[in-house]
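Biologist: Please take a close look at one part of this model, the open sheet of four strands, and then set it in the context of the rest of the chain. Which strands form the sheet, and in what order?

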Amino acid sequence: MAARRPALSVEFVRRALLCTTAIVACLSAVSASAQQAITTPILSSDGNFRDLAGMPVGMGGTGYTNATSHGGYARIGAFYRSEALSILNASDQAYLSSLNIGLVVDLRTGSEIAGPPSWPFAPNAGPDLQIGAIEYNANIYGSYTPTAPDTTNAAAAISSMKAIYQDFVGDQTQRNGFRAALLALAHEDDAALFHCSGGKDRTGWTAALLQHIAGVSLATIKNDYIASNNYLAPFIDAIVGGLSPTSDQAIMLRALLGVRADYLEAALEQVESDYGSLDAYLQQGLGLTLEDIYVLRGKMVYYGSLPGQAGFVGNAASGAAFLNALQNSPLSGHYTRYNYYLQSAIDAGTLGGVETQVGGQVHADAAAYLSRRPAWIEDASAAYTSGRDLGIGRTRLWATGMGDYFNTSGATGIAGSTERTAGTVAGGTYRLGPETSAHFGLGYSSGSVTSANGSANVDIALATFGARYGLTALENGYYVAGRGHLGWIDYGSERSLGGGLGIARGNSHGALYSGRVDVGRIWRFDGYTITPQVGLRASRVVIDGFAESGSELALSMSDIAHNSLDLVTDVDIAIKARQWAGWTVVPSATLGYELALKDPQAWSTGTLYGFSVAQASAYDSRHLLKAGLAVMAQRDAFSAKAAVNGALGDGSSAGVNAHVALAYRF
C-alpha cells in the first residue's frame, strides 16, 4: 500500500495543496458546519450501498448524520460501504462516478473476485466495475478460504457465524487484512468506498471500527450494523419468501443472508477478552498508530465547536474559529501536524493556548509599535530642532542616541506585548531669520516586538524634517511648528505556534509616514521658562503583504495598514541656567498628554486555504500620559543633553525612553 500512495510530508501537503479558495471544494468530505441531512439514495442494483455517516429514516436511521463524542457530527461523503460492485446498472454507475470516489477497498479474496458472483440475482457478473477509482485489495481472509457456515440447522448456522466474527478479532491474518483496509482508507485523499461480497460481515465489522474511531455511540454502531437487514430486505425476502417465517430453514437463511446483533456482540466480546477495549484492539491488535486513528477521525468527523471555543473572546476567539474552519481544509484528515494537534486537543479538552498564537497577533502589535515611533523620535530630537538659541544664519549639527522599552498588559483574549528599541538620529538645524528655522535629519532604529509566542524585528531607516516660525521671534512669544517623518521599514517575524505546529517565519518591507503641526508659546520668567504647545499628529504605517513559511499554518498576510490621528499637548519647564565647572547647565521637566482621535488599536489579517483570521494589537490606549526629566550642558559651541521620559496609557500600557544627544554650533 505504501508504494501505491506514499505518506505525505508536512511541506508537501502545504505546498501541493495550498492554492486558492477553490481547493476547499475538492475535499474528500463535504465541508460541514453542523449536522446534515442524509440524502444518499437507495441504489437499485447495489441494495446495501450507503454513506457511513448515517442513514435515512426508512432504513432505521434518523435521516441525519450521526452524532459523535465531543460534540461532533459525521461528515457526509467521506466513506461509503457497499456490497460487491459487480452488478451495477448504468444509472447506479453514473451516481457512484459523481461522488469523487478515489479509492475502492475490496475486502474479498482473490477467488471471490475472480469467481462466479455471490448472489443469485447477479447472473453473468464479472469483477468489480471500474468507476474511475484506484482499487486496492485488502484480502481479509488471506490465502485460505474460511470454512463455510454450518447449514445443519439454524442454531448451527448462527453459532458458526459468531465464530466467523470472533475470528475477525482473534486471527492474525484477518487482523492484518483489517489493518491494511483501514490504512488504505487513511491514506486516501478523496472519498473512498469499501466492500466485500454482501457488504454485511467483513464490511460490517470494518464499518463498526470506523464508527468507533469517529466517536459514534455503541448503540448507533449496533443500529447501523443491523440495518443491513433493511437494505438487503428485497433480496432476502425474494429467497425466503416462499418459506414459513417460523421454519428452521427460513430462520437459517435469514441468519446467513442477513446479520444479527449477536454476531457483532460476539466480535465485541472477543475484543474485550483479548484486548480489553476497542481502542486497545485498534492499536495493539491491528497495529494502528494514534496518528492513523486521528487521520481517519479527521476524515469522518466535523466538530462544530472546539474545546473552550464558546468562552473565548478577542484574538483567542478569532484564532479558535480559524482552527475550527481549517477542519474543512486539506490539512484535516491527512497526515499533517494540524490534524494530529487538533484531534489531540479534542481528546484533551483544551486547545492548549494555540488559539492565541495561531492568528499572528505580533503583526498587529508591530503596526501599533510603528505608529508610535514618530513620538519617540520627536522627544529625542526636540531640544535641537527649534533653532531658537542660534544666531541668524548659523547652523547646529546634532546627533542623538535613544533606547526605549514599552509594555502592554494582555487583555482578555489578547496577549500582552513588549517593545524594545535602540537607534540614533543625526541632523542639522539652520536659523533662516529672526522668526524662522528649519531642520533635517536621518536616522536608523532597530526594534523588536514580542507577543503571543511570536517576535518581530523592525528596522527603520528614517528621514525627519521640519520648520518653525515665531510670530515675533523664535526666542519668545507665539510660534507654529511643523515636522514630518518618512521611514523605510525592514520587517522580519518568527512565530512559534505551539501544539507541535512548528514555527512560521515571514519577511516584508513597509513605509512610515507622519506629520505634525503645533501651536505654542514661550513664556520667560525670572528663574524658569515655560513652553506649552498643542498640536495634531497624523501617521500612517504600511507593512506590505507577505507569505509566511515554515509551518503548515503559516499565513498569507494581507497588507497591514494602520492610520492614527492624535491630539498632542505638552509643556516644557526649563529651570534658569546654572554655571558649573565652566559649563552652563539647564535642567528641565516635560509633561505631556496625547488623545487618540482614531482607534489606536492596529489590526492584521492572514489567510490560509481561503479562511481568514484577524487579530488586534495589545496596545489600544486612547489616553497617553507622558513625563520626563532632562539636563542640558553647554560649553562654548558644544552642548550635550541627557533625558529620560516615561509614558502611561490607560493603565494597561507603560514605557520608558532615554536618550543622549550631542550638538555643535557653527
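Modeller: What follows starts with the sheet and its helices, then moves to other strands, to two helices elsewhere, and to the chain as a whole.

The model is predicted. The open sheet has the order S15-S16-S20-S21, and its four strands pair in the antiparallel sense. At the edges stand strand S15, residues 546-547, and strand S21, residues 611-616. Each of these has a single partner strand, so one side of S15 and one side of S21 are left without a neighbour in the sheet. The partner of S15 is strand S16 (residues 556-557), joined to S15 by two bridges and running antiparallel to it. Within this pair, phenylalanine 546 stands opposite methionine 557 of S16.

Two helices can be described together with this sheet. Helix H14, residues 314-325, packs on the sheet and touches strand S20 (603-608) as well as S21. The direction of H14 makes about 170 degrees with that of S21. Helix H17, residues 361-371, lies across S15, S16, S20 and S21. H17 runs at about 45 degrees to S21.

Other strands pair in this part of the sequence. Strand S14 (residues 528-543) and strand S17 (residues 560-575) are antiparallel and share 16 bridges. One of the residue pairs here is valine 541 with its bridge partner in S17, histidine 562. S17 also pairs with strand S19 (residues 583-596), again in the antiparallel sense, over nine bridges. Threonine 569 stands opposite tyrosine 593 of S19. In a regular strand, side chains alternate between the two faces of the sheet.

Elsewhere, helix H7 (residues 218-226) has Ile221, Asp224 and Tyr225 buried. Seen down the axis of H7, the buried residues fall within an arc of 100 degrees, so they line one face of the helix. An α-helix has 3.6 residues a turn, so residues three or four places apart point the same way. The buried residues of H7 pack against strands S1 (50-51) and S3 (79-82), and against helices H4 (154-170), H6 (202-214), H8 (228-231) and H11 (261-274).

Helix H13, residues 290-300, contains arginine 297. This arginine 297 has a relative accessible area of 7% and is therefore buried, the limit being under 20%. Leaving aside residues up to four places away in sequence, arginine 297 touches Ile213, Ala214, Tyr303, Gln343, Ile346 and Asp347.

For the chain as a whole, there are 18 helices and 24 strands. The radius of gyration is 37 Å, well over the 26 Å that the globule rule gives for 666 residues, so the chain is more spread out than a compact globule. Along the principal axes, the C-alpha atoms fill a box of roughly 125 × 40 × 40 Å. Of the 666 residues, 52% are buried. Among contacts with a separation of 6 or more, 73% are between residues 24 or more positions apart.

As to confidence, the pLDDT of the chain averages 90, and 92% of the residues score at least 70. Residues 1-30 have a pLDDT below 50, and this stretch makes 60 contacts in the model beyond near neighbours in sequence. Residues 118-126 also have a pLDDT below 50, with 17 contacts in the model beyond near neighbours in sequence. Where pLDDT is low, the predicted coordinates should not be read in detail.

Methods:
Residues numbered from 1 in each chain as written. Predicted model: local features only at pLDDT ≥ 70, side-chain atom pairs only at ≥ 80, totals over all residues. Heavy atoms only, no water. Pairing = 2+ DSSP bridges. Contact = heavy atoms within 4.5 Å. Axes fitted to C-alpha atoms, helices over the stretch in contact; angles between N-to-C directions. Buried < 20%, exposed > 50% of the residue type's maximum accessible area, 1.4 Å probe, protein only. Arc of directions from axis to C-beta. pLDDT = per-residue confidence, 0-100. Rg over C-alpha atoms; globule rule 2.2 N^0.38 Å.
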